Amino acid sequence: MQDTRDLLAKDRRYVWHAMTGFDPEAATMVVTEAEGAWVTDVDGNRYLDGMAGLWSVNVGYGREELARAAYEQLTTMPFYPMMQGHLPAIELAEKLNEWLKDEYVIFYSNSGSEANETAFKIARQYHQQNGDPGRWKFVSRYRAYHGNTLGSLAATGHALRKYRYEPLAPGFLHVSPPDGYRCIYCEGGGECGRECALKYAKEIERVIEWELPETVAAVIMEPIITGGGIIVPPEGYVEEVGQVCERTGVLLIMDEVICGFGRTGERFGHQHYGIRPDIVTMAKGITSSYFPLSATAVKRTLFEKFEGTDQYGRLRHVNTFGGHPAGCAVAVRNLRVFEEEGLVERSAAMGEKLRAGLSAIEDNPHVGQVRGKGLLCGIELVEDRESRQPASAARVAEVVSGCKERGLIVGKNGDTTPGFNNVITLSPPLNITDEDLEFIVETIKEVFEGNAEGERPVRPPVA
Ligand SMILES: Cc1ncc(COP(=O)(O)O)c(C=O)c1O
């Protein structure tokens with residue numbers, strides 16, 4: 001016990017946690033074990049991790065086969081840089097092509113932010129070498145997150161993540177997100193129709209035209225805005241953005257860092273909409289977070305513009321750890337788990353169940369909307385349903401802590417767009433059991449019913 005207290009004191013002294021600053025009173029949860037959808041903290045408290053880590057432990061915790069894949073690769077051949085090659089990188093690239101259902105060439109990095117940075121550089125250089133040297137700007141949406149580096153943060157539409165770090169990389173432009181609950185074109189309150197979808201896509205086209213198409217390199221978007229508040233686009237929107245890009249000669253970069261790997265009930269989120277992006281970026285679920293790895297998948301036709309024998313035609317871009325052999329080996333095994341256990345289909349089915357269960361809270365005066373796709377779910381909280389005024393930080397915090405007290409970890413879209421940090425997020429492991437899903441639903445229902453004194457949902461026993 002003394003050891004634990006010492007460690008916690010050292011944690012406070014030496015570790016700078018993400019999204020935090022100096023606060024001697026801050027209580028961080030130190031996690032020591034994890035299995036299935038459950039994590040255990042240093043004091044032995046168990047929690048159902050309704051966020052799968054950071055939207056990322058898609059196949060669940062405690063997968064020995066993934067640890068074994070890393071071990072075997074590390075003992076066989078622990079590292080070689082990607083200027084040359086290794087077997088797991090090849091195997092994974094071939095598998096990703098199968099999952100992407102088209103011909104892509106894969107550039108590996110370590111994180112989602114780097115995967116997006118790589119995409120930006122590739123897009124600019126591609127245009128330079130494709131007779132369109134003036135194309136250097138990028139269009140993205142307010143409320144979407146694309147990473148923490150100076151380019152990917154510039155693409156991000158969250159003022160609260162940028163404030164005090166600016167100026168960031170120039171040339172990143174933003175348009176409205178297709179938010180059906182707070183629609184700027186219709187009454188909102190629900191899902192918008194095709195008419196609004198086209199108007200939101202038109203906004204992208206207008207920005208491209210007004211900036212001059214010959215200066216715009218790419219549009220970057222997530223199929224569904226995730227960290228910004230689970231904003232599911234109206235029908236026809238993603239397809240129309242694809243058309244806009246085609247009409248204007250602008251590349252489409254699809255950020256699948258969260259939506260990829262089954263999260264939304266398809267292998268990749270954009271596959272709901274039948275489009276073929278020019279570039280697809282991915283991270284998190286690629287290894288279910290058992291190893292850092294990310295990828296930038298680039299259409300073969302683009303790759304062929306990077307003349308390998310030309311001094312400046314090549315992509316002059318490298319990172320030491322990107323495509324680490326152990327990461328690639330884990331990813332290959334991870335994708336096999338998905339296929340063996342039908343986890344993409346499971347995400348779609350369990351997502352339906354989750355939303356059906358949560359329909360019980362839809363009448364609550366502070367629940368504006370429950371929305372999502374697959375096992376990606378958001379609960380937008382409001383002060384009152386009539387005005388749709390976003391819920392206060394205190395009200396959102398109450399829900400998060402109410403869940404945690406009862407053994408459930410949920411997320412929230414913190415520090416994103418001013419005034420709109422009012423969405424509770426759920427993104428559990430895709431192999432979540434029926435019993436665990438019911439625990440999520442019952443716990444959330446109880447928190448919204450304010451039934452603090454009543455019988456609490458029983459935590460399923462350790463398997
Ligand atoms: C959609 C999206 N893109 C990019 C990133 C950046 O990924 P990373 O944190 O691995 O750099 C994230 C991270 O949450 C993300 O949600």
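## A tour from the domain interface outward

Begin with the two domains of this predicted model, whose C-alpha centres lie 25 Å apart. To colour them separately, select residues 2-62 together with 342-449 as domain 1, and residues 64-341 as domain 2, following the domain assignment of the protein chain. Their contact draws on 45 residues from domain 1 and 46 residues from domain 2.

With both domains displayed as surfaces, consider the area buried between domain 1 and domain 2, which is about 3500 Å², with carbon and sulfur atoms giving 55% of that area. On the domain 1 side, select V344, K373 and R388, the residues that lose the most area to domain 2 and that together account for 19% of what that side buries.

How many salt bridges are counted between domain 1 and domain 2? The count is 1. Now show the side chains of R182 and E380, which form a salt bridge whose closest N and O atoms are 2.8 Å apart.

Move next to the helices, and select α3 (residues 64-76) and α11 (residues 325-341), whose axes come within 8 Å and cross at roughly 150°. The crossing of α3 and α11 is right-handed. To see what makes this contact, display E65, L66, A69, A70, Q73 and L74 on α3, and P325, A326, A329, V330, R333, N334 and V337 on α11. Sorted by class, the residues in the contact of α3 with α11 are 9 nonpolar, 2 polar and 2 charged.

From there, centre the view on L173, which is placed in strand β6 (residues 172-175). Leaving aside residues up to four places away in sequence, L173 touches K137, F138, V139, S140, V207 and E211. One of these contacts can be followed with a distance label, since L173 and S140 are 33 residues apart in sequence, yet their C-alpha atoms are 6.2 Å apart in space.

Two backbone features deserve a separate stop, and the background is that most residues other than glycine have a negative phi, and most peptide bonds are trans. Select E166 and P167, which are joined by a cis peptide bond with omega of about 10°; P167 lies in the loop between α7 (159-162) and β6. Then select R143, a residue other than glycine with a positive phi, near 80°, which is found in the loop between β5 (137-141) and α6 (150-155).

The last stop returns to charged pairs, of which a search of the whole structure finds 22 salt bridges. Among them, show R276 and D102, whose side chains meet in a salt bridge at 3.2 Å, N to O. Where in the chain do R276 and D102 lie? R276 is in the loop between β8 (251-255) and β9 (279-282), whereas D102 is in the loop between α4 (87-100) and β4 (104-109), so placed that the pair links distant parts of the chain, 174 residues apart.

Terms used: Residues are numbered from 1 along each chain as its sequence is written. This is a predicted model: local features need pLDDT of at least 70, side-chain atom pairs count only at pLDDT 80 or more; totals for chains, interfaces and linings use all residues. Side-chain values use heavy atoms; hydrogens and water are left out. Axes are lines fitted to C-alpha atoms, for helices over the stretch in contact, and angles run from 0 to 180 degrees between N-to-C directions. Helices (H or I, at least four residues) and strands (E, at least two) are DSSP runs, numbered from the N terminus. A crossing is left-handed if the near helix is turned anticlockwise from the far one by less than a right angle, and right-handed if clockwise. Contact means heavy atoms within 4.5 Å. Ala, Val, Leu, Ile, Met, Phe, Trp, Tyr, Cys and Pro count as nonpolar, Asp, Glu, Lys and Arg as charged, and the others, Gly among them, as polar. Domain bounds come from an automatic or database domain assignment. Buried area is the accessible area (1.4 Å probe) that two parts lose on being put together, summed over both. A salt bridge is a side-chain nitrogen of Lys or Arg within 4 Å of a carboxyl oxygen of Asp or Glu.
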